[in-house]
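Student: Could you take me through the ligand site in this model, and then one of the salt bridges?
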Amino acid sequence: MIRDTETMNGLLDSVRRFVRERLAPAEEVVAETDQIPADIVHDMKQLGLFGLTIPEAYGGLGLTMEEEALVMFELCETAPAFRSLIGTTVGIGSQGILMDGTAEQKDRWLPPLARGDLIASFALTEPESGSDAASIRTRARRDGEHYVVDGTKRFITNAPEAGMFTLMARTDPAQKGASGITAFIVDAKTPGISLGRIDRKMGQKGAHTCDVVFDGVRVPAANVIGGVEGRGFKTAMKVLDKGRIHIAAVCVGVAERLLRDTLRYAMERKQFGQPIAEFQLVQAMLADSRTELYAARTMVLDAARRRDAGEDVSTEAACCKYYASEMVGRVADRAVQIHGGAGYVADHGIERYYRDVRLFRIYEGTSQIQQIVIARGMVRQAS
Ligand code: COS
């Protein structure tokens with residue numbers, strides 16, 4: 001749903017200009033230094049990017065899912081690390097509070113998140129618990145008006161920058177599965193929290209992940225999201241449903257950029273006396289990428305509109321994440337192929353994108369997990 005076309009077009013224009021004038025020229029610096037320059041972070045705050053999904057009542061822009069997807073299409077026509085910095089705050093790090101938090105929790109935490117003064121991070125994955133999210137071992141033991149948290153979280157995006165974590169921990173050790181899990185808001189400055197070394201990843205330089213170790217961390221009982229134990233797994237799954245549409249939109253944006261650069265290259269690069277874009281075998285690759293990109297864009301917008309209309313889009317969100325993340329992998333692969341040697345060396349940035357997009361098939365649920373979610377949804381609906 002688009003609430004106001006004129007306002008939306010204004011926002012999309014600003015984001016498009018920001019990407020073209022500020023982000024795209026900084027891609028190489030970010031890749032080389034593994035840091036997003038402070039002045040760019042400042043400008044991202046000014047543009048309101050940290051508050052895209054947080055309701056206006058808390059100082060954000062309160063975008064609908066369709067509006068969010070359209071902004072991601074634009075924002076992601078550049079290195080995905082820029083989106084990653086705001087991604088956990090507008091997405092999986094904050095949405096648990098928004099969906100299931102109490103009024104007090106929303107009042108306290110959402111305004112600084114919307115301003116970008118606080119970065120939110122989502123702490124679910126553990127060394128022994130990845131796809132099997134219900135098997136987490138991080139323990140939160142009640143002690144008076146607090147819980148004492150012990151455990152290790154792994155590959156936590158934006159943990160080095162985070163001011164707060166949406167943490168999933170087991171409050172009921174007798175319940176081995178999903179029902180023993182509770183979601184907490186944890187202030188990142190709480191004593192007992194330490195960070196591991198920043199992971200040396202294949203790509204997405206400038207976006208940081210690391211271990212987060214909780215050692216006797218005392219979290220106020222008032223920080224249980226929604227105030228009720230045992231609901232954390234469902235909160236996490238709902239957050240991930242929305243996050244999967246968001247990531248699919250990110251994949252569309254990145255693929256759009258890759259295809260544009262590739263088309264331009266194919267029209268400029270001459271072999272056998274003519275631009276390679278005139279050769280049918282190159283055209284086939286361009287056409288396959290355009291077709292798949294169009295399909296992914298259409299899927300994302302359809303799922304987003306359905307979610308805005310109040311439908312349960314668990315299955316559709318998984319379809320989008322599955323298809324769009326695989327699609328951008330193929331688009332990146334063809335981009336390297338069409339660029340030939342120029343795609344394999346670092347100068348054109350194509351090999352960087354090729355490495356960057358590999359992550360999309362893994363995080364916020366692997367392609368195989370999306371297949372499981374889709375098939376289970378089909379069986380549930382049929383019975
Ligand atoms: N929304 C609301 N509730 C949901 C839900 C959703 N999308 N998905 C599951 N639930 C509920 C179920 O209804 C069930 O509730 P009841 O016990 O009341 O019936 C409960 O949660 C447990 O669900 P289920 O039995 O399906 O859980 P599984 O352990 O089988 O796990 C998968 C389901 C595999 C889908 C889940 O573990 C998953 O998504 N894993 C991937 C995790 C992931 O994306 N990690 C990335 C880290 S974040 S970057």
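Tutor: A polar contact here is a pair of N or O atoms within 3.5 Å; within protein, one must be able to donate a hydrogen and the other to accept it, and residues adjacent in sequence count only if both atoms are side-chain atoms. This is a predicted model, where local features need pLDDT of at least 70 and side-chain atom pairs pLDDT 80 or more, while totals for chains, interfaces and linings use all residues. Residues are numbered from 1 along each chain as its sequence is written, and side-chain values use heavy atoms, without hydrogens and water.

Student: OK, how far is the side chain of Arg 376 from the ligand?
Tutor: An N or O atom in the side chain of Arg 376 is 2.9 Å from an oxygen atom of the ligand.

Student: And which ligand atom does Asp 241 approach?
Tutor: A polar side-chain atom of Asp 241 lies 2.8 Å from a nitrogen atom of the ligand, whereas Lys 234 places such an atom 2.7 Å from a ligand oxygen.

Student: What's the make-up of the shell around the ligand?
Tutor: The shell has 9 nonpolar residues (Ala, Val, Leu, Ile, Met, Phe, Trp, Tyr, Cys and Pro count as such), 6 charged (Asp, Glu, Lys and Arg) and 5 polar (the others, Gly among them).

Student: Switching topic, how many salt bridges are there?
Tutor: There are 27, counting a side-chain nitrogen of Lys or Arg within 4 Å of a carboxyl oxygen of Asp or Glu. In one of them, Arg 16 and Glu 74 meet through their side chains at 3.1 Å, N to O.
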